[in-house]
Amino acid sequence: MKAAVIKTLAGSLREFKKPALLTLLLIVGEVFFEVLIPFFTADMVNMIKADAPLAEVSALGGRLALMAVASLLCGAAAARTCADASTGFARNLRDDMFTRVQSFSFANIDRFSSASLVTRMTTDVTNVQMAFMMVIRIAVRAPLMFVFAITMAFIMGGKLALSFVVVVPILAAGLILIARHAMPAFRSVFRKYDKLNQSIEENVRGMRVVKGFSREEHEKTKFASAADSICVDFTKAERIVAVNSPLMQLCMYFNMLFILTVGARIIVSTRGTVIDVGQISAMLNYGMQVLMSLMMLSMIYVMITISAESAKRISEVLAETPSLTSPDAAVTRVSDGSIDFEGVSFKYSESAENNALSDIDLHIPSGATVGILGGTGSGKTTLVQLIPRLYDVTEGSVKVGGTDVRCYDTDVLRNAVSMVLQKNLLFSGTISENLRWGSESATDEELQEACRLAQADDFVRAFPDGYETHIEQGGTNVSGGQKQRLCIARALLKKPKILILDDSTSAVDTRTDALIRAGFKTYIPETTKIIIAQRVASVMDADMILIMDNGRIVDRGRHEELLERCGIYREIYEQQTNGGEDHA
Amino acid sequence: MPKMPVGHRGAPAGMKGGRPKADFSALGRAIKKLFRYYPRLAPLTVVCILFSAGVSATPSLFIQNIVAVIERWYKTGDWASARPEVLRYVSLLAVLYVLALLSSTAYTQLMAVMTQGFLNKLRQETFDHMQDLPLRYFDTHQHGEIMSYYTNDIDTLRMLVSQSLPTFIQSGAIVLVVFSIMLYFSFWMTLVLIAGVVAMFYVTKVVGGGSARYFIKQQKSLAETEGVIQELMNGQKVVKVFCHEQQSIEAFRKRNDELRENSRKANAYANLLGPVMNNLGNILYVAMGLAGGIFLLTGVRNVSLSGMPFSISVLVPFLGMAKQFTGNVNTLAQQINNIVMASAGAGRIFSLMDEPPETDDGYVTLVNVKELPDGSLEETDGRTGKWAWRHPHGDGTLTYTPLRGDVRLVEVDFAYEEGKDVLHDVSVYAEPGQKVAFVGATGAGKTTITNLINRFYDIADGKIRYDGINVNKIRKSDLRRSLGIVLQETNLFTGTVLDNIRYGRLDASDEECREAARLAGADDFITRLPEGYGTMLTNNGTNLSQGQRQLIAIARAAVADPPVMILDEATSSIDTRTEAIVQRGMDKLMEGRTVFVIAHRLSTVKNADVIMVLDHGRIIERGSHEKLIAEKGTYYQLYTGAFELE
């Protein structure tokens, strides 16, 4: 794992540094007592063997029990502090990521898909939390245990401890070798496995297509070959890891045989003066502790490697700098709703080959109504997104109320420029809660007024709960046309100087659409209105209609003018009106 | 073996939404399956595990003997006399160890092979069964839920097979063997040990119970937090446009803090188990030492299977065994969680496996034919471009009906759920080459009609005939082969553009696929893609626009070249300007075919031979565009925009 990643993540530890450090301390205590226990148990066995008085034996036993209790208390306290630190760390990570995303610009958001952000904030954080917990519990415990146990073994067993000199390097080398070989294998398996799951998802989602084309058998064959290939790789990886346990056994067995043989010899030939029977069982105990601690080390190595990917993905979000911020000394008042594009070109990313917009020069006076038409990918949405500064221009400048949008405080600008996005969303909550996104302090009358203007008031009242009707996540319990009208009402509540509708009435019937536009004309005449539409009817009566193609404004003018001179416009118009008006 | 969170899904599987429900019969079924998949390897593995367990339980016997030897000789310090005896035991032990190593190497390798093989076979069996399930299953189950069989439930079985089962056999065997050896040495000491183990069980129950309770809570708040994150991340652009960042953070923080609290408690309990069990083991060890001392000092008569007196040579191995015994009990206790989760997972997988597959009693099949000079049809093997229904009759005769694309629905009633009729008395006659359009509000039953024609669902009453044959008699795969569908929601598969078009007809040549793309008007943009027809599509073609995806779906249907096409909102995501271009392709595609069209835009259905206006499952108007306009009924109102369709 890269140091930069660790540094980024460590920044989120904050108030949980204390419990984390405390955990380390407590674990030192736990291990200390735990390692002392076999040492004194050996004495106890020897005392019993030497027919020592029961009182002495019991006293030692009592002390031993106390040590166990002390170790238990330290361990139990560590369990708490460790949970405290690791879950707190996870909370901070989620919080930091979420807060960071809130400061993202549209350009930042485009870089991360929302699904990937969700995974980063949930699964990835859980992985890191688990790894962190392992690290603060085991990363100290295992080496300490190792050192303590070996030291004690040498103090107590003398030559007997030489066994470790043989066993430890073998086990350590073996574990490292296994981990080295297994990890890349596992990583590639996991990637393949994720792909397999994706293809299952694809299959489930597209079941209508699969069955429609009678492709069940084809899908089965496809799946079988993908699954078989994973199985082969996975088996290979698992077989490498499976060597772990016999290797561990080998070391344990060697240790056992060595200690029994050499131990017996030392005891007998020295008549039990150097070591005694008690020490033999203690030595076997220490042997287990030493080997187990190595095993645990290899486990955290694996754990850290697995979570490294997650850690990297988290740090990517935390390290992403918002590409768009309010300037210092920002302008905090938008004087009017006039818009100017001066020599504007735009690309979505620096590496993009083609401009999404080229050479846009445009003046829209305050209070005008502008319609924009054009095919998919012609740059309509891109053009309007520059007005509330959702993206920054690549070249030229965009001015609102005569001031460059980059000079405004972004909140002030976006409150003055209200935009109904093409991909629109309502959130789970009541209708009035959703509407109040536009203005938190809006009164009920204001909500109704906005809804009347958006032609939503009637159907909202028709719901049994009226404005308190609960909207499901994604607004699935209202129809497309209703959703669009609520979104327009929500945008109107901002009382904006500029209102942008990005294909926002596509599911609304033509009559209602006309009513909405008529309402705008009558009730919000000073607001500049920009309407992107598929239907000519929606823009026909605008003060100016822009025809866009391939990132350029290819023509502009009133309906009649365009009908006369603009081929594209005429084509769309005729197609839609030929033999009757088109309907949404 | 270290636990590997498979597929990076960190959250403990099987815990979602209070799901853990132990169903041990499912567990038994899973284990039976394992033995059925591996009738030789599985028993062999069990033998190896038992052998290695037996061996690892026995050293205490040798230690006892060696310590006895030491006891006998250490007072004289005569190593020379002790040596042969010690060496004899040690070498015997060494031989046993070698055998144990061999068997444990064998079984761990076997387990690795079997675990993955088992999961692979199970996964394929599940997937194969899933392919055979009726569409109803997919319409009534959430996709996330189905996915979780593969991402969560099968993984719980991985832990079961690779860890829990061997551990259970091994630790169980060790516990039994050690227990007998202990009885062989001394009843009294065994009794002390049992008392300790009972205490350990109690602690496991209390601590483990608390941990399980909070883990379930944690999973619930994790799901809630995920829900909030998902909604707000999806709507992030709306949040920005409304400067709603601060409010979002607050809404999120509430859930996040709750999640943290539950997670903290769950982990605090879980972390507690280790040190508590460990130290209880230590205390028990000391207690046994003391008890042993008391027995030795007071000279209580030993009761044992061996009848041997109590001595230091019994006490030393006994202490070792106590460690081994509690260690293995501990290991067993830790597997309980895995086993409970695996039974829940197995239960869910078997619930999928037990779903009845789509039945198909059809016996009329679609075959290639050539026309003989006398006008009769003869079946051929090769592709002739001419198709016929091969219809065996009850009296043993065989007739061939040419495939024409004549589809008739006669007085059809249908309900997805008993009692909630979706279609009433629907009759539709589509002659070969006719274009039939369905118009109506969402939920009026347009898509349902098409679901019935290709038998995604079976009708409750009435008849559907294809070229005069009741569709129930036609083999489903052949019926569907004769019907092309293009749906509003396009689903493309991972693979190249060419692969995706060829999905319509697997034996289509590259040129035929290109031809189909040209017909659909998709060739233009495909050739402009960086790799043209070889461009890889992933994630349902995210790199394409919705309109482009639909064009590929149209090409896919075109390459299948069926006599009947169903276009369910096929052009809804194509803007009107592009649609004008596609329309030419669509017109060509529809030429000479029977076509059922469902469209949102009335301009696309205008030139249909007959338009059916549906309302709440009934056909309320039918006729040509001109006729319906002249009638000035619902269609007229829809067309003039007086009604909103959704």
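Here are three short exercises on this structure, each with a worked solution.

The model is predicted, so local features need pLDDT of at least 70 and side-chain atom pairs pLDDT 80 or more, while totals for chains, interfaces and linings use all residues. Residues are numbered from 1 along each chain as written, with chains lettered from A and ligands numbered from 1 in written order.

**Exercise 1.** Work out whether the end-to-end distance of helix 10 of chain A agrees or disagrees with its expected span.

*Solution.* Helices here are DSSP runs of H or I, at least four residues, and strands are runs of E, at least two, numbered from the N terminus. Helix 10 of chain A covers residues 277–319, which is 43 residues. The expected span is 1.5 Å times one less than the number of residues, giving 63 Å. The end C-alpha atoms are 60 Å apart, so the two agree. Helix 10 of chain A also bends by about 35 degrees at A:Ala308 (the angle between axes fitted to the seven residues ending there and the seven starting there).

**Exercise 2.** Find where A:Asn550 sits, and say whether it is buried, exposed or partly exposed.

*Solution.* Start with the place: A:Asn550 is in the loop between strand 11 (544–549) and strand 12 (552–557) of chain A. Next, count neighbours: 15 other C-beta atoms lie within 10 Å, so A:Asn550 is partly exposed (buried takes 20 or more, exposed 12 or fewer, partly exposed is in between, with C-beta atoms placed from the backbone).

**Exercise 3.** Do the same for B:Asp467.

*Solution.* B:Asp467 lies in the loop between strand 8 (461–466) and strand 9 (469–470) of chain B. With 22 C-beta neighbours inside 10 Å, B:Asp467 is buried.
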